[in-house]
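Visitor: Show me the model, please. I will ask what earns each label.

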Amino acid sequence: MHPHHPSDLLAQAVRQHQQGRLDAAQALYRRVLDADPRQFDALHLLGVIERQHGRPGQAVELIGQALAVDPRQARAHSNLGAALADLGRADAALASYDEALRLDPSYALAWDNRGNALRRLGRLQDALDSHERALHLQPGLADAWCHRAIVLHDLGRHADAVASATQALAARPAHADALVALGNALQALDRFDEAVDAYDRALALAPRAETWCARGAALKKAGDLAAALHSYERALALRPDYALAEHYRANALRALGQDDAAVTAYRRALALGADAEAIGFALAALGAGAQPATAPAGYVRELFDQYAGRFDRHLVDVLGYRTPALLDGLVRAHLPPLPQQGASPLAKALDLGCGTGLCGPYLRPLVRELVGIDLSQRMLDKAAEAALYDALVCADIAGWLAARDASCGLADLAVAADVLVYIGDLAPLFAGVRRVLRPGGLFAFSCEALDDIEGDNGYAIRPSNRFAHAPDYVTATARAAGFTVVATERAALRQDGGRDVAGFLVLLA
């Protein structure tokens, strides 16, 4: 055969490609196409090289030309899907993988890639099924174990995600993505030291900005603020426009007491496109921005989702948290005498912002039906373990209250323990609670107390990211909403840095 015959050139090109010599392979594929512009393998594999070079648009063009020559090639449809996925076109990628699998149902890699496209489309259970089809066909496919771990993590099945990432690493010990997936799942389980170790092993293989950022988050949750700050700065050294890393860096600076540097970092994060609502809230708490009417729902949800595993222990043991017991005493002092032994004096109570259910043991003996509402599903999962609530609802309190009417059944009692610290303007909350209480129904809650010098509109955001309220503002807003003020009491609600946090309890009717 002539040494420059197209089939000989193609064989040389494939050898170079397999050996990782992409530029040499590319030149040879182009020579094949000079001789035969419709040569399927040269078009297809040249497209694969374009994707390897980070040019998915060119890859889609070339692989599309190959499939116009021969549309029956499953591998090409799968590679087209991968290039489309790189372009963020998850729907088109999914269609390519489905076509690949119609042509070859036993193609494990296409099942795995299809799972990735489904995950990007938010179809997590379908994604999990697809990765598991891949593993049924090819049990040693490390990437499929890794991608399955990512989906399990997204589904909140963190222990299962650890097991799946561990399987990926058994199949391929130097799998950076699997180590990151392992770190993320361990972090979600509050196993911070193990998470940092997994991230360190991943960084030794592939020093990526996202991994440094995740490592920083684990260190911050573990309380090692200086090391967290260092991690965020390593992330930004690799990717200077990384908005999330700059936002987290600002949080770490603030936690370290470096307020001026934190303000500068927050403003830079904002300019890079980070979460404007969360940053506006942080700047307000540092006295460097306009006062918000309430804490952003996403901030509160994320705060408590990541805090759920250690919430009760930290509140009670470290912060000396006593609010549920104090509110219980206030409510019981104003209830009618208890009927015969064992009977509940109230039909229904709402535990607004119930968290892990610390008010549940106090409320349960008083009511026949107890409903808890909270923004954080992870907190509600903990509350469910105590089996004290008849219903637990994951919702924003204000939105949930606004959607209620008399047909939903009016409540005799609503309680909000340590909830109004995330709400500045209380008028919408009071109006919502007023609508869901029967005539004579009670509303008991706690507030942190505002000093006279702190705010001129009755509430102010503090450096702790919590709102404090002036008692006169609270009682005036309550009366304007149609409540009678039954009682107010001064109280030390918890401790902060070893000092009592001054607050007060309010009972409305």
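Guide: Start in strand E7, where Ala468 stands opposite Glu448. The model is predicted: local features need pLDDT of at least 70, side-chain atom pairs count only at pLDDT 80 or more, and totals for chains, interfaces and linings use all residues. Numbering runs from 1 along each chain as its sequence is written, and side-chain values use heavy atoms, with hydrogens and water left out.

Visitor: What makes E5 and E7 a pair?
Guide: Two strands pair if DSSP finds at least two bridges between them. E5 and E7 have two bridges, in the parallel sense. Strands are DSSP runs of E, at least two residues long, and helices are runs of H or I, at least four, all numbered from the N terminus.

Visitor: Which other strands pair with E5?
Guide: Strand E4 (residues 411–416) runs parallel to E5 and is joined to it by five bridges. There, Leu413 has Leu442 as its bridge partner. Strand E9 (residues 499–508) pairs with E5 over six bridges, in the antiparallel sense. Ser446 is matched with Leu505 in E9.

Visitor: Why is the unit of E4, helix H24 and E5 called right-handed?
Guide: The label applies because, with the strands pointing away from the viewer, the path from the first strand over the helix to the second runs clockwise. Here the β-α-β unit goes through E4, H24 (residues 427–436) and E5.

Visitor: How do you know that strand E5 is mostly covered?
Guide: Of its 13 residues, 10 are buried. Buried means under 20% relative accessible area, exposed over 50%, partly exposed in between, with a 1.4 Å probe and protein chains only.

Visitor: Why is Arg466 called buried?
Guide: Its relative accessible area is 9%, so Arg466 is buried. Arg466 sits in the loop between strand E6 (459–461) and strand E7 (467–469). Beyond its neighbours within four places in sequence, its contacts (heavy atoms within 4.5 Å) include Asp418, Glu448 and Arg494.

Visitor: And what makes Ala93 buried?
Guide: A relative accessible area of 0% makes Ala93 buried. Ala93 belongs to helix H6 (residues 90–103). Outside four places in sequence, Ala93 touches Gly81, Leu84, Ala85 and Ala117.

Visitor: How many aromatic pairs are there?
Guide: The count is 10. The rule takes rings of Phe, Tyr and Trp (its six-membered ring) with centres within 6.5 Å; planes under 30 degrees apart count as stacked, over 60 as edge-to-face and the rest as tilted.

Visitor: Why is the pair of Phe281 and Phe467 called tilted?
Guide: The centres are 6.1 Å apart and the planes meet at 45°, hence tilted. Phe281 lies in helix H17 (residues 276–285) and Phe467 in strand E7, 186 residues apart. Both are buried.

Visitor: What makes the pair of Tyr459 and Phe467 edge-to-face?
Guide: The angle between the planes is 70°, at 6.0 Å centre to centre. Tyr459 is buried at 10% relative accessibility, and Phe467 at 0%. Both rings belong to one aromatic cluster with Phe281, Tyr299 and Tyr473.

Visitor: How do you know that Glu50 and Arg30 form a salt bridge?
Guide: Their closest N and O atoms are 3.5 Å apart. A salt bridge puts a side-chain nitrogen of Lys or Arg within 4 Å of a carboxyl oxygen of Asp or Glu, so the label holds. Glu50 is in helix H3 (residues 40–52) and Arg30 in helix H2 (residues 22–35), so the pair ties together parts 20 residues apart in sequence. Glu50 is buried at 5%, while Arg30 is partly exposed at 40%. The structure holds 26 salt bridges.

Visitor: What makes Glu233 and Arg249 a salt bridge?
Guide: Their closest N and O atoms are 3.2 Å apart. Glu233 lies in helix H14 (residues 225–238) and Arg249 in helix H15 (residues 243–255), so this bridge ties parts 16 residues apart in sequence. Shared partners join Glu233, Glu246, Arg249 and Arg268 into one salt-bridge network.
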